[in-house]
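Visitor: I am new to protein models and would like to learn how to read one. Could you take me through this one step by step?

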Amino acid sequence: MTSLRVLGVDPGLTRCGVGVVDVARDRSAALVHVGVVRSDVELPIERRLATIAAGLRAVIAEHQPHVVAVERVFAQHNRSTVMGTAQASGIALLVAAESGLDAATHTPSEVKAAITGYGSAEKLQVQTMVARVLRLDSLPQPADAADALALAICHAWRRGVGGPASSSGTAALTPAQRAWADAERLARR
């Protein structure tokens, strides 16, 4: 495999960002697809979740990713928001499994650190780096879609593109990414 095709999902009940990128072994990345799956706030929850599932299935069918990366839900002050985000996240993971795809989750801090080198980066910094990495003429919009692209890139880079058994190992990672990978290895012992 010369590149890894990753579907990134920024889960949300009203707007679920999706981004598909191809990432080569040299860590260069190319945009394949970016968009948002929307669900009508007037629909009952089960219909909204079905809408998100259908949208994700359509993206998978059209773009054939190798893996799915989903933002890991974290505690927020607004319980209704975190519930909707968690439900959409579960749908993304379920659709990945139904499609026979591996799936991974990444925290917002992991994504920011992978993309910008700083785990507390602002959204504009992340969007700017995503645009640079993908060689886009403008910042990806909306923010949900940009976050999905960042998730996809993060997953490929943190995985070392070729996976743990790749000949490149951690050589293609930044110093911060190597430190993170080393810390994860030590934590598993």
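Guide: Gladly! Let us begin with a term: helices and strands are DSSP runs, numbered from the N terminus, with at least four residues for a helix and at least two for a strand. Keep in mind, too, that this is a predicted model.

Visitor: How many helices and strands are there, and in what order do they run?

Guide: The protein has 6 helices and 5 strands. Starting at the N terminus, the order is β-β-β-α-β-α-β-α-α-α-α.

Visitor: What can contacts tell me about how the chain folds?

Guide: A contact means heavy atoms within 4.5 Å. Take the contacts between residues at least 6 apart in sequence: 60% of them join residues at least 24 apart. Val68 in strand β4 gives a case to look at. Its C-alpha atom is 6.5 Å from that of Ala104, though the two are 36 residues apart along the chain. Val68 also touches Leu7, Val9 and Ala96, among others.

Visitor: Is Val68 buried or exposed?

Guide: Here a cut-off helps: buried means under 20% relative accessible area, and exposed means over 50%. Val68 has 2% relative accessibility, so it counts as buried. Ala50, in helix α1 (residues 45-63), has 43% and therefore counts as partly exposed. Of the 189 residues of the protein, 44% count as buried.

Visitor: Now for empty space. How does one find a pocket?

Guide: Rolling a probe the size of a water molecule over the atoms shows where empty space is left. In this model, the largest pocket holds about 510 Å³ of space. It is lined by 24 residues, and those closest to its centre are Asp10, Pro11, Glu71, Lys123 and Asp147.

Visitor: Which helices supply at least two residues each to that lining?

Guide: Look at α2 (79-98), α3 (108-116), α4 (123-133) and α5 (143-159), each of which supplies at least two. By kind, the lining residues divide into 10 nonpolar, 7 polar and 7 charged.

Visitor: Where does UniProt place the feature "active site"?

Guide: The unreviewed UniProt entry places that feature at Asp10, Glu71 and Asp144. These residues are spread over 135 residues of sequence, yet they cluster in space, with a largest C-alpha distance of 10.9 Å. Asp10, Glu71 and Asp144 are included in the lining of the largest pocket. The same kind of record, again an unreviewed entry, has a "binding site" annotation that covers Glu71.

Visitor: Could we take those residues one at a time?

Guide: Of course. Asp10 lies in strand β1 (residues 3-10) and counts as buried because its relative accessibility is 6%. Among the residues it touches are Glu71 and Asp144.

Glu71 is in strand β4 (residues 67-71). With a relative accessible area of 15%, Glu71 is buried. Its contacts include Val9, Asp10, Pro11 and His106.

Asp144 is found in helix α5. Its relative accessible area is 12%, so Asp144 is buried. Not counting residues up to four places away in sequence, Asp144 touches Asp10, Arg15 and Gly17.

Visitor: What about cysteines? How many disulfides does the structure hold?

Guide: To call a disulfide, one looks for a pair of cysteine sulfur atoms within 2.5 Å. This structure holds 0 disulfides. Cys16 is buried, with a relative accessible area of 0%, and Cys154 is buried, also with 0%.

Visitor: Last, I would like to look at the backbone. Which peptide bond is cis?

Guide: The bond from Gln141 to Pro142 is cis, with omega near -10°. You will find Pro142 in the loop between α4 and α5.

Visitor: And where does Arg27 lie, and what is its phi near?

Guide: Phi of Arg27 is near 75°, a positive value in a residue other than glycine. Arg27 lies in the loop between β2 (15-24) and β3 (29-38), and at 15% relative accessibility it counts as buried. Gln64 has a positive phi too, near 50°. Gln64 lies in the loop between α1 and β4, and because its relative accessibility is 53%, Gln64 counts as exposed.

How values were computed. Residues numbered from 1 in each chain as written. Predicted model: local features only at pLDDT ≥ 70, side-chain atom pairs only at ≥ 80, totals over all residues. Heavy atoms only, no water. 1 Å grid on protein atoms, 1.4 Å probe; cavity = no way out; pocket = protein on both sides within 12 Å on 5 of 7 lines; lining within 4 Å. Points joined across faces, edges and corners; volume = space filled by probe spheres on them. Nonpolar A, V, L, I, M, F, W, Y, C, P; charged D, E, K, R; others polar. UniProt positions renumbered as here; feature names shortened; annotations may be inferred. Buried < 20%, exposed > 50% of the residue type's maximum accessible area, 1.4 Å probe, protein only.
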